[in-house]
Amino acid sequence: MPAYCDVALPVPLDRAFTYAVNGVVPAVGARVLVPFSGQRLMGVVVRVHDEQPTDGIEIKPVQQVLDEAPLLSDELMRLAAWIAQYYVAPLGEVLRGMMPLAAEVRRQFAYRISEAGRRVLYEGAAKGASRRSRLPAEDQNREYAVLNYLEDGKAAKASALRSATQARKALLDGMVRKKWLAREALAEERDARRTERVAVLVPDARIPKLNENQTAILAEIAAAGGRLRVTALSQSAALRELSVPASTLATLVKRGLVAIEDAPEDFRLGGLPANGKKHAHEHVLNEAQMEALGSIAAAMAQGGFKPMLLYGITGSGKTSVYFAAMQRALDAGKSALLLVPEIGLTPAMAGQMFAAFGANVAMLHSGLTPDERAEQWHRIRRGEARIVVGTRSAVFAPMVNLGLILVDEEHDSSYKQEETPRYHGRDVAVMRAKFNDAVVVLGSATPSLESWANSEKGRYLRIEMLTRVMDRPLPTVELVDMRTEFKETGREDIFSRPLVEETQATLDRAEQVIILLNRRGYSFTVLCRSCGEKIECENCAIAMTYHKPVIGTDLHAHPGDRLECHYCGFRRSVPKICPKCQSEHLYYLGAGSQQGEERLQELFPNARIGRMDRDTVRGRSDMERLLTRLHSGEINLLVGTQMIAKGHDIHGVTLVGVVGADFALGLPDFRAAERVFQLLTQVSGRAGRGDLPGRVLVQTYHPEHYAIQRAAAHDYAGFVAKELEYRRWMHYPPASVLANVIVQGDSLQQTAAWAHTLGRWFAAARLNNVRVLGPAAAPIARLKRIYRFHFVLKAERRDVLGHTLRALLAHAQSDEIPRRNLILDVDAVHLM
Ligand code: ADP
Ligand code: ZN
Ligand code: ZN
């Protein structure tokens with residue numbers, strides 16, 4: 001029997017800890033409770049072995065083994081190890097992120113009397129309580145009560161046993177140790193699915209004389225085929241008419257005519273029943289779609305790991321290809337996982353999945369309650385749900401026989417987790433496919449440069465869909481030079497004259513308009529004209545956004561006039577005078593979506609205006625309501641932040657206006673141009689998806705910038721070529737690998753000193769193959785009261801970068817810089 005086990009704990013330390021096996025040898029992948037610096041922590045066993053630890057420290061025993069079988073499969077354990085290695089993250093923290101929730105693994109135990117227990121029971125009955133027992137008499141009596149209860153030899157649920165005998169858990173544990181009882185897990189794992197009570201006619205029961213009420217109930221159950229949910233029974237019109245009391249059913253049960261069983265509740269999905277409706281993505285695929293599907297299907301048939309990039313322009317019908325590919329996986333007896341961005345999993349999407357795949361579908365997203373999540377998790381793990389759709393963390397779903405992973409809108413930054421472990425869901429998806437010999441398809445109209453570069457190098461097979469379905473044209477894109485506009489009008493209007501005219505014309509034709517105004521709130525800066533200071537958040541080095549109180553039809557409760565920090569949520573009332581210099585000349589700068597909406601109302605008093613941003617869309621149902629109103633045409637003018645650019649397929653939209661999207665070009669982030677290009681392309685892609693062609697007007701102060709130019713020309717390849725050139729010159733990904741190292745702390749001095757210390761180490765280490773920028777104050781120098789400095793590391797090779805980061809951690813440790821004050825962000829998506 002192995003004497004030790006190594007346990008990964010959710011602490012910011014890059015190592016596992018050794019504990020002595022205590023009776024039960026835990027399985028690798030099982031959870032255990034162990035003592036750790038005065039606390040009790042839950043960890044995951046990563047190795048069991050016999051190697052006596054040599055460093056002379058005291059080895060403590062495991063306190064409790066929580067799982068008999070591993071909770072994480074071998075495959076997921078391997079994936080965790082890869083994530084820890086690749087992202088230089090503590091394995092325990094990676095595992096914590098992958099673990100199902102407590103509700104998903106709550107277990108039920110049952111107890112059964114053993115031969116030894118039976119002997120004790122009979123001897124005890126003959127001789128009275130054993131005088132040698134150290135237990136108080138009261139507990140001894142309880143033990144007999146327990147044995148008595150179990151005498152018939154059947155297993156009893158822990159909950160039933162304890163309520164019948166008042167026996168504490170510790171007492172039962174003691175009886176298990178004495179081998180009087182056997183404890184067994186009731187089910188392989190707890191079925192977290194909600195159950196409901198079903199009344200069942202007992203076959204061959206001799207029917208005695210019954211009263212009218214009793215007969216009515218039996219007739220009702222018989223009419224339903226001998227089984228009927230108790231809730232349905234109580235709602236039955238016939239019984240209600242007779243006003244049959246609930247106790248009648250109980251009487252029938254007592255007389256052995258009806259039995260009550262627990263049955264799993266019908267599978268439901270956010271209130272969507274299975275209706276067998278034909279789903280929106282069941283089209284006869286066009287040639288390009290067939291070809292794409294053919295490539296995916298061929299790879300699945302061939303077997304083995306195959307990564308692919310599906311580059312399909314907006315409106316080329318990627319979703320239909322995903323659906324068809326998932327069906328192929330099902331047909332081949334495999335399961336398929338579809339990852340979607342945070343905002344992509346709308347109830348409409350869920351409804352279509354359900355219409356297409358019925359009870360085969362499971363959904364994993366942040367809107368589920370723990371119990372709902374648990375239900376989904378178990379259905380997946382039991383292999384009942386073989387089609388899984390979910391957001392980022394669904395990449396860890398306990399899939400059975402995984403054959404296909406699809407990553408929709410693979411460029412979307414919501415796949416990047418911005419807390420430890422800072423993994424990228426897309427890249428983890430690729431690795432997971434690799435460990436499963438599965439096919440993985442990354443789909444986008446604007447692939448990330450990383451994925452594109454991988455397809456250029458032949459690492460990913462590239463599939464292209466370069467036309468819209470039904471040969472619909474891409475919209476024409478025109479630029480409106482806002483510098484000229486200002487010169488000619490002498491005014492700083494949010495909306496240019498061409499955009500106002502086109503909007504009016506479009507509304508007049510009874511078509512729909514979408515306008516992107518990519519900042520929420522009313523004004524995003526409050527500036528003092530006397531001292532030049534912006535009003536900043538108390539907790540962050542960030543200008544606060546002005547939000548107007550909302551009056552009128554809006555049903556959400558809003559606080560009044562306020563300034564809000566969009567990073568930490570801090571709010572304050574709007575000052576009358578500058579907090580720095582007491583001047584009264586406060587100036588509100590920069591229009592957000594709220595102001596945009598107000599201005600549009602003035603310009604188009606007859607338009608039916610809707611707004612989509614994080615102030616109006618708090619949850620999935622808000623989103624759904626807005627989309628329904630758009631689809632029906634109830635809203636004909638929608639203004640909003642980048643939320644409006646994401647995948648929506650609204651056929652009546654023929655005009656898209658873009659306001660201030662080029663502002664982001666000025667941000668200190670090497671991905672700025674890529675983001676602007678993606679946003680422009682995606683939002684343009686919302687126009688002309690129906691029978692009528694679309695048009696896009698982009699207001700810009702940088703009309704000559706290549707990101708704007710190439711987006712206007714629908715020239716992804718041209719943009720990428722130019723952008724890759726810049727990345728090569730500047731040694732940025734994908735021309736290099738990059739990590740952002742953040743040094744953070746609540747004392748400015750201390751944090752700066754740490755940054756300085758690490759900077760000196762970098763200088764002294766004279767790293768050959770790593771470029772180090774910094775230390776510098778992070779672009780957001782203070783966030784949620786934490787000061788931040790950073791280094792950007794760029795290397796030619798992944799192994800060199802990893803090696804450097806580990807060396808850095810070792811150095812930080814020897815210099816007593818706490819691990820929690822260092823953030824390593826490998827393949828950082830944001831450098832802010
Ligand atoms: P993408 O995600 O590539 O932008 P979608 O998958 O949303 O495109 O599809 C765009 C629209 O075209 C949807 O309304 C979809 O129902 C429709 N569609 C997809 N494939 C076909 C097809 N083969 N024939 C007709 N319509 C299609
Ligand atoms: Zn001032
Ligand atoms: Zn803040």
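Visitor: Why is Val 88 called buried?

Guide: In this predicted model, the relative accessibility of Val 88 is 3%. The term buried applies under 20%, so Val 88 counts as buried. Val 88 is found in the loop between α1 (74–86) and α2 (91–98).

Visitor: What makes the backbone of Val 88 worth noting?

Guide: Phi of Val 88 is near 45 degrees, which is a positive value in a residue other than glycine. Most residues other than glycine have a negative phi. Asp 471 also has a positive value, with phi near 55 degrees, and is likewise a residue other than glycine.

Visitor: Is Asp 471 buried or exposed, and how do you know?

Guide: Asp 471 has a relative accessibility of 68%. The limit for exposed is over 50%, and Asp 471 therefore counts as exposed. Its place is in the loop between β18 (461–465) and β19 (476–481).

Visitor: Why is Gln 64 called partly exposed?

Guide: The value for Gln 64 is 36% relative accessibility. Partly exposed covers the range between the 20% limit for buried and the 50% limit for exposed, so Gln 64 counts as partly exposed. Gln 64 lies in strand β5 (residues 64–65). Leaving aside residues up to four places away in sequence, Gln 64 touches Arg 31, Val 32 and Leu 33. From Gln 64 to Pro 26 the C-alpha to C-alpha distance is 9.3 Å, although the two are 38 residues apart in sequence.

Visitor: What makes β5 an edge strand of its sheet?

Guide: The open sheet has five strands in the order β2-β1-β4-β3-β5, with antiparallel pairing. The edge strands are β2 (17–20) and β5, each of which pairs on one side only.

Visitor: How do you know that β1 and β2 pair?

Guide: Strand β1 (residues 4–8) and β2 share four bridges in the antiparallel sense. Pairing requires at least two bridges, so the four bridges between β1 and β2 satisfy the criterion. One of the bridge partnerships joins Asp 6 to Thr 18 in β2.

Visitor: What makes the site of the zinc ion (ligand 2) tetrahedral?

Guide: Coordination is by Cys 528 (SG), Cys 531 (SG), Cys 578 (SG) and Cys 581 (SG), at 2.3 to 2.4 Å. The limit for a donor is within 2.8 Å of the metal. The four donor atoms subtend angles of 103 to 115 degrees. Tetrahedral requires all angles to lie between 85 and 135 degrees, and the arrangement is therefore tetrahedral.

Visitor: Which spacing do the donor residues of this zinc ion (ligand 2) show in sequence?

Guide: The spacing is C-x2-C-x46-C-x2-C. Distant parts of the chain are linked by a pair 47 residues apart: Cys 531, in the loop between β21 (523–528) and β22 (545–547), and Cys 578, in the loop between β24 (571–572) and β25 (586–591).

Visitor: Why do Cys 531 and Cys 578 fall into separate accessibility classes?

Guide: At 32% relative accessibility, Cys 531 counts as partly exposed. Cys 578 has a relative accessible area of 3%; the boundary for buried is under 20%, so Cys 578 is buried.

Visitor: How do you know that the site of the zinc ion (ligand 3) is tetrahedral?

Guide: Its donors are Cys 537 (SG), Cys 540 (SG), Cys 565 (SG) and Cys 568 (SG), at 2.3 Å. The angles among the four donor atoms are 100 to 115 degrees. Set against the range of 85 to 135 degrees, these angles make the site tetrahedral. The donor residues are spaced C-x2-C-x24-C-x2-C in sequence. Cys 540, in the loop between β21 and β22, and Cys 565, in the loop between β23 (562–564) and β24, are 25 residues apart and link distant parts of the chain. Cys 540 counts as buried at 1% relative accessibility, and Cys 565 counts as buried at 1%.

Visitor: Why is Glu 409 said to have no salt bridge?

Guide: The nearest side chain of opposite charge, that of Arg 686, is 5.5 Å away. A salt bridge requires a distance within 4 Å, so buried Glu 409 has none. Glu 409 lies in the loop between β16 (402–407) and α16 (425–435). Its contacts, not counting residues up to four places away in sequence, include Tyr 322, Tyr 415 and Gln 682.

How values were computed. Residues are numbered from 1 along each chain as its sequence is written. Chains are lettered from A and ligands numbered from 1 in the order in which they are written. This is a predicted model: local features need pLDDT of at least 70, side-chain atom pairs count only at pLDDT 80 or more; totals for chains, interfaces and linings use all residues. Side-chain values use heavy atoms; hydrogens and water are left out. Helices (H or I, at least four residues) and strands (E, at least two) are DSSP runs, numbered from the N terminus. Buried means under 20% relative accessible area, exposed over 50%, partly exposed in between (1.4 Å probe, protein chains only). Contact means heavy atoms within 4.5 Å. Lys and Arg count as positive and Asp and Glu as negative; His and the chain ends are not counted. Donors are N, O and S atoms within 2.8 Å of the metal (3.2 Å for Na, K and Ca); water is not among the atoms, so sites may look incomplete. Four donors count as tetrahedral if all angles lie between 85 and 135 degrees; four count as square planar and six as octahedral if opposite donors are over 155 degrees apart and all others between 65 and 115; anything else is irregular.
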